[in-house]
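Thank you all for coming. I would like to take a few minutes to walk through one model with you, beginning with its sheet and ending with its cysteines.

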Amino acid sequence: MIGFRVDANEKIATGHLMRCIAIAEACKKQGEEVLFFLAEDKETQRLKDRNLPYKVLHSRWDDLESEESLLGEALEQNGIEYLVVDSYQATTSYLQKLNQKVPVLYIDDFEDKIYPVSAVLRYGSWTERQVYEERYRGTNTAVLAGMQYVPLRD
């Protein structure tokens, strides 16, 4: 099962949730089960409308490190084998600890750090792709960089 850790609320645009929905729907077409983890019960109607299961962690969307053990337990209890994280609030420490539990794919919009995860997703131009691949050279992180990785909905 593939988990998705994402939030959408008054402060976080729904684009994060929408691109995770696009990836989740593609995973479902491939026969994978998916489960979304959200801090709050907000924007969940979008998941309900698409028959995408979710769990509300009742945590703080702006302090992901405080939910680390709670999410870790939820990953184990739900048999999550891979986790996609799409949040500007994710710190390198948070991502590293999660990646020790399950392989993490982090969707990176800022391109300002090297994240200690199994894979990073950064879609952008060809030159941007080359710079990004160079940044992760010598690490164990798989790089999914370039326009072919834009998570588009049907």
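I will go from the sheet as a whole to one of its strands, and then to the cysteines.

Please keep in mind throughout that this is a predicted model. In what order do the strands of the sheet lie? There are seven of them, they form an open sheet, and reading across it the order is S3-S2-S1-S4-S5-S6-S7, with parallel pairing. At the edges we find strand S3, residues 54-56, and strand S7, residues 142-145, each of which pairs on one side only. If we ignore direction, neighbouring strands in this sheet are turned against each other by 20° on average.

As a general reminder, strands of a sheet pair through backbone hydrogen bonds, and they may do so in a parallel or an antiparallel manner.

Let me now turn to strand S4, which covers residues 82-86 and is joined by three bridges to strand S5, residues 104-107, the two running parallel. Within that pairing, Leu-83 stands opposite Val-104 of S5, and Val-85 has Tyr-106 of S5 as its bridge partner. Between these two strands the chain passes through helix H4, residues 92-99, and the β-α-β crossover that takes it from S4 to S5 is right-handed.

S4 also pairs with S1, again in the parallel sense, and here there are five bridges. Leu-83 of S4 appears in this pairing too, standing opposite Gly-3. As for its surroundings, S4 is mostly covered, in that four of its five residues are buried.

What packs on the sheet, and which strands does it touch? Helix H3, residues 68-77, does so, and it touches strand S1 (2-6), strand S2 (34-38) and S4, while the direction of the helix makes about 165° with that of S2.

Finally, the cysteines: how many disulfides does the model contain? The count comes to zero, and for Cys-20 the nearest cysteine sulfur, which belongs to Cys-27, is 10 Å away. Why is Cys-27 not bonded either? A disulfide requires two cysteine sulfur atoms within 2.5 Å, and because the closest cysteine sulfur to that of Cys-27, the one in Cys-20, lies 10 Å off, the separation is too far for a bond. Are these residues buried or exposed? Cys-20 is buried, with a relative accessible area of 0%, and Cys-27 is buried as well, with a value of 15%.

Note on methods
Residues numbered from 1 in each chain as written. Predicted model: local features only at pLDDT ≥ 70, side-chain atom pairs only at ≥ 80, totals over all residues. Heavy atoms only, no water. Buried < 20%, exposed > 50% of the residue type's maximum accessible area, 1.4 Å probe, protein only. Pairing = 2+ DSSP bridges. Axes fitted to C-alpha atoms, helices over the stretch in contact; angles between N-to-C directions. Contact = heavy atoms within 4.5 Å. Right-handed = clockwise from strand over helix to strand, strands pointing away.
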